[in-house]
Every structure is written in structure tokens, then in C-alpha cells.
Amino acid sequence: MISRKGLISIIRKYPIYTLIIIILLTLPIYAPSFFVIQIAYGLIFGITGLAFNLLLGYTGLLSFGHAGFFAFGAYMMSLPIRHTGIVHTLEVYLAFAFITSAALGALLGLICARRTRIFFSILNLSFGLIIYSFFLKFWGFTGGADGTHVPTPPLLGMKFAVDKEYWMTHIYYYYILAAFFICLAIFWVIVNSNFGKTLQAIRDNEIRAQFTGIRIYRYRHIAYIISVAFTGLAGCLWAPLNGHTAPEIAWWTYSGDIVMLTILGGYQYFIGPVIGGLVFNVFKIYTIGYTVYWMLLLGIILLILIFFIPRGLVGLGISIYNRLTHKKGSSKG
Amino acid sequence: MSNIIFLYLISGLYYAAYLFLVAAGLTIIFGLARVVNLAHGALYAIGAYVAAWLMGLISKQIPPPLWYIIIIIAGAAGAAFVGIIIEPLLLRRVYGRLEEFQLLLTFAILLIIEDLELMIWGPYPLAFKEPYHYLGAVSIGGGLMYPLYGFVVIAMGWLIALFLWFFMTKTKLGIIIRSAAANKEVTAAIGHNVKSIYTKTFILGATLAGIGGAIVMPSATAQLGLGIDILVFAFAVVVIGGLGSLKGALVGSLIVGMTRVVGIAYFPEIELALIWLIAVIVLVFRPLGLWGRE
């Protein structure tokens with residue numbers, strides 16, 4: 001356990017993150033329901049971004065098909081319910097979605113773990129589209145374009161006798177928050193482990209990594225499996241929040257959204273995709289509510305990101321922070 | 001039975017013709033600039049929109065045979081105009097940058113063009129079907145009819161394929177483009193303006209997509225999301241044929257066009273999946289596509 005002194009020093013060292021965690025923990029008390037639900041979505045996209053960024057930021061592979069894996073995870077919850085009519089506790093589906101997504105990643109990784117650059121991107125785009133067309137066209141099995149309803153599942157085996165809004169904003173919100181922190185911790189361990197460092201070595205110099213005896217394809221394959229599995233897990237968390245799964249979430253422009261939120265937050269930073277996921281979702285929802293030309297606005301913001309802040313919001317924050325502290329130092333000296 | 005097969009064949013050639021126009025532009029741009037243009041489908045949509053919009057304005061004043069020429073010119077000009085704006089202003093800045101930024105930039109352009117279409121032409125589909133009906137249909141035996149306009153589209157596709165082959169191998173500009181694709185520095189060193197070659201190539205690619213959109217428009221409509229939908233098929237074409245290869249784009253569009261027809265007729269559930277399964281199989285054996293180059 002962390003001692004009280006240790007805790008205080010952590011808070012002093014990372015005041016912004018402490019503030020964010022406190023806000024996230026207390027949000028349902030004072031924020032309107034709509035906003036709380038959007039933050040819940042944002043947390044799920046944060047998990048997706050973490051999983052996606054294990055490939056982009058740490059392995060140097062850009063996937064344009066992660067929306068397909070996200071949808072796959074969501075359908076791993078809605079399809080069993082649709083066909084058996086029995087609603088188990090959510091953990092059963094999370095485990096199921098995680099395992100099946102990992103298996104999917106293992107299978108697809110056989111084809112794409114040996115490819116890099118644009119070929120990896122397009123291969124994943126095609127996998128995503130195959131998943132999309134499967135959910136769309138096999139309407140007898142999947143519900144087709146109408147999608148499939150997802151009932152409110154019990155959590156940890158417990159049913160809650162509350163209305164749906166309260167369930168989403170107070171009970172399921174904390175469930176997602178807990179899942180988010182667990183995933184955050186898992187990814188922190190992964191990227192700082194020997195495995196994570198090896199991935200970064202492969203990313204930086206494939207040939208040199210190979211010369212030191214690293215089996216680069218195996219490492220890429222494992223990273224790919226982890227990424228797909230956690231993306232599927234995020235999709236499964238998303239399904240009961242959304243209450244509905246439809247094939248459109250597998251469409252490739254949603255993969256573009258995942259790429260975008262990761263770059264928005266800053267893909268060179270561990271926490272980047274999380275910040276990106278939260279900001280992107282809130283921003284997108286409010287612009288859609290405010291104007292019909294939200295895609296135009298997103299496009300323009302994307303241009304600004306690419307040309308002026310390529311290191312994302314986290315990178316921008318760090319450079320502003322550095323400049324402020326630097327000024328303080330120089331005025332003293 | 002044989003006339004049914006003939007019908008499939010023509011339908012497949014029809015899909016292939018306009019897919020080739022989109023995929024050829026995509027592949028020419030990639031071959032030189034090494035950028036995969038996610039906004040390429042949007043240029044196709046621009047071609048369809050401009051042609052439909054212009055014909056809606058002036059079709060009453062001009063004789064029907066001129067329609068076909070004006071549609072093509074309008075589509076080509078519309079897409080070329082957008083190309084002239086986006087290449088020097090935006091795309092040029094990301095050559096040589098990380099791929100994720102190139103893809104994101106073209107994705108941003110796609111989003112912006114989609115909404116500009118909504119802003120300019122409104123949310124309802126634009127249609128101008130007269131050229132399609134004017135030519136009527138011809139009998140292809142066994143009591144089956146096929147619209148003559150379909151043959152016009154097929155002929156246009158092959159004509160442009162022929163033109164591209166001639167342009168790339170016999171004209172000076174085409175040879176300079178190929179030399180710049182092979183080695184940018186040497187091409188610049190022997191006195192060619194590489195920047196303007198990039199712009200011209202992009203405009204050529206955009207024009208091809210615009211023509212594709214314009215000639216399909218009379219048999220369909222210009223509508224939102226068109227540019228996003230077509231790209232899925234154009235990608236399949238260049239993945240199968242190999243990015244950067246015109247021959248690949250031609251063969252790839254024939255494969256995708258035929259697969260689509262057979263898929264719709266016999267396996268409607270997996271039509272799209274079938275196309276991408278072929279793409280994946282090709283990639284397993286030939287990672288760069290049939291005629292792709294690193």
C-alpha cells in the first residue's frame with residue numbers, strides 16, 4: 001500500500017492528473033446525466049485508444065480497421081442474448097468478448113503481423129469491412145442494418161431495481177470507470193515491461209532489433225492480439241451503455257475516428273489516447289448538437305492538429321507548461 | 001443461359017469501367033507521391049455533383065447529343081478544380097511526413113468535402129437521368145434488354161485506359177511523371193520542376209475520378225456519402241492490383257467488377273466480404289498486390 005506521505009508526494013507531482021481523477025470520481029454528483037453518459041462513452045473510447053495506441057504509438061503500426069474489432073466485441077454481447085434470450089451477468093460477456101477478440105486477433109495477425117506501413121493499414125481496413133458486411137448482410141443472424149437490442153445486464157451478478165438513467169449515470173458509470181482504471185494499469189504495465197520496450201525497439205529500428213535476436217513478427221503478432229482483444233472488450237463495455245449494436249459502428253470512418261482521437265490526445269504519450277477519447281467524444285456530441293456541419297468542423301480541427309499541434313493535446317499541454325515554468329526561472333535569474 | 005452470362009459480363013464490365021477511373025487516379029497519385037488519398041472518393045462525388053447540377057441548369061438549352069460531352073467536361077473540371085486547391089495548399093505539406101499524418105490529412109479533406117457538398121447542394125440527392133433514358137435499351141438476346149448508356153460507360157472506361165497507357169508511355173509529361181516516381185532527386189537535377197509535376201499528377205488523378213463520378217451519375221444519383229462508399233471498392237481494386245500500378249488498377253477493377261456481379265447474383269450476403277476475401281488472399285501470396293512495387 002502507498003503510505004499517506006507517498007500519496008501526497010504523488011499528488012504534488014501530478015496535480016493535473018489528480019484533479020482529473022477526482023472529477024471523474026465525483027462527476028455523477030453534480031454533472032447533468034447527459035454529460036455523465038458522454039464521459040462514460042469517452043472512457044470507453046479511452047480504452048479503445050489505449051489498445052489502438054499499443055500498435056500506433058508503441059509498435060508503429062497504423063490500423064484503419066479498429067472500428068471493426070470494436071463492433072465485433074459489441075456483437076459478442078448482443079448476439080448471444082439475441083439467440084438464447086438469456087441475459088447473464090456482464091462479466092460473462094466481457095470474458096467472452098475478450099477471448100473471442102483475442103482469437104480473432106490471433107487469426108488475422110497471421111496475415112497482417114508481417115506487414116507494416118500502408119499495407120498494414122489497408123489490410124486492417126479490409127478486415128474491418130469484412131466484419132461490417134458480415135453484420136450487415138446476415139440479417140437473420142445479426143439483425144442486419146437495424147442491429148440488435150442489448151438489454152441492461154446484471155453487474156457482478158447483481159440486478160439493480162433502478163430506472164435506466166440512474167443505472168447508466170450512477171451504477172454503470174462507476175463500473176466503466178473501474179474497468180477503465182484496470183485497463184489503464186494493465187497497459188501501463190505492458191508498455192513499461194520488457195515486452196513493451198521490445199516493441200518500441202522494433203518500432204524504432206526493425207533491422208537492428210532483428211539483429212539482436214528479437215523475433216519481430218512474433219512480438220508484433222502478440223501486440224496485435226492484445227490490441228484487438230482490448231478493443232473488443234471496449235466494444236462489449238459499450239454495448240449495454242448504448243443499448244443497441246448496429247453494423248455502422250464497424251464502418252471504416254469510425255476507424256478514422258479512433259485514429260483521430262488518438263492523434264488528438266497525442267500518440268507519443270501513454271495518456272494521450274485517453275485524453276483524446278474524452279475530449280473527442282464530448283466535442284463531437286456537442287458539435288453534432290450545435291451544427292449540421294460537424295464533419296466540416298472536425299475536418300478543420302484535424303487540419304489544425306496535423307499542421308500546428310502534431311503532438312496532440314498532451315504535447316501542447318506539456319510545451320505550454322514547460323514554457324511557463326521556464327519563464328518563471330528566467331525572470332528569477 | 002448464355003445470354004444471362006452475357007448480361008453478367010456486361011454488368012461486370014460496367015462496374016469495372018468506373019471503378020477503374022477512380023482506382024487509376026488513386027494509384028497514379030500513390031505511385032508518385034506515396035500518399036494514399038482517402039479523399040479520392042470525394043473527388044468522384046464532386047464530379048457527380050457538378051455534372052448533375054450543371055445539367056439541371058442548362059440541359060434545356062442544349063441538344064441531347066451535347067449532354068454527354070458536357071457531363072464529362074463538367075465532372076472533370078469540378079474535380080480538377082478541387083485538386084488544384086487541395087494539392088498545393090494541403091497535401092504538398094505532408095509529403096515525406098509520417099503515414100498516419102498523410103492518411104489523417106486526406107481523411108480530414110474527405111470530411112470537409114462531404115460537408116461542403118451538403119452546404120452547396122443540400123441534403124437531397126441530385127439526379128439528371130435524361131442521358132440514360134435518351135439512349136434507350138438494346139436487346140441482348142433471349143428477351144433481355146440492356147441500357148445502351150451502360151455500353152457508353154464501358155467504352156469510356158476502355159478509352160481512358162487506352163489514353164492513360166498512351167499518356168504514360170508515349171508523351172513527355174507521362175515519362176517525366178514516371179521518372180519522378182522512380183527517382184525524385186535525379187528528375188529535379190535534370191531540370192524538371194518536381195513540385196509542379198506532383199500538382200499535375202494530382203490533378204490528373206482528380207480529373208479521372210471526376211469523370212468517373214460524372215458518367216455514373218445519369219444511371220444513379222449524386223448523393224451524400226457517395227465518396228465514402230466508392231472508396232471501399234476502389235481500395236479493393238488497388239489492393240488486388242497493387243498500389244502504384246495502372247495495369248494492376250485495370251485488372252483489379254475487372255476482378256472486383258466481375259466478383260461484385262457474381263456476388264450479388266449468387267451470394268448476396270457476402271458480396272462485399274467476397275471482394276475483400278479475394279483481396280486478402282492476393283495479399284497473402286503477393287503482399288504488394290499483383291503488380292505492386294515497394
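**Exercise 1.** State how many residues chain B and chain A each give to their contact.

*Solution.* Contact means heavy atoms within 4.5 Å. On that criterion chain B gives 45 residues and chain A gives 42 residues. The model is predicted: local features need pLDDT of at least 70, side-chain atom pairs count only at pLDDT 80 or more, and totals for chains, interfaces and linings use all residues. Residues are numbered from 1 along each chain as its sequence is written, chains are lettered from A in the order in which they are written, and side-chain values use heavy atoms, with hydrogens and water left out.

**Exercise 2.** Give the area that chain B and chain A bury between them, and its share on carbon and sulfur atoms.

*Solution.* Buried area is the accessible area (1.4 Å probe) that two parts lose on being put together, summed over both. For chain B and chain A this comes to about 4100 Å², with 81% on carbon and sulfur atoms.

**Exercise 3.** Find which elements give two or more residues to the side of chain B that touches chain A.

*Solution.* Helices are DSSP runs (H or I, at least four residues), numbered from the N terminus. Those that qualify are helix 4 (99-121), helix 10 (226-241) and helix 12 (271-285) of chain B. Helix 4 of chain B supplies the largest share, 16 residues. By class, this side of chain B has 35 nonpolar, no polar and 10 charged residues, where Asp, Glu, Lys and Arg count as charged.
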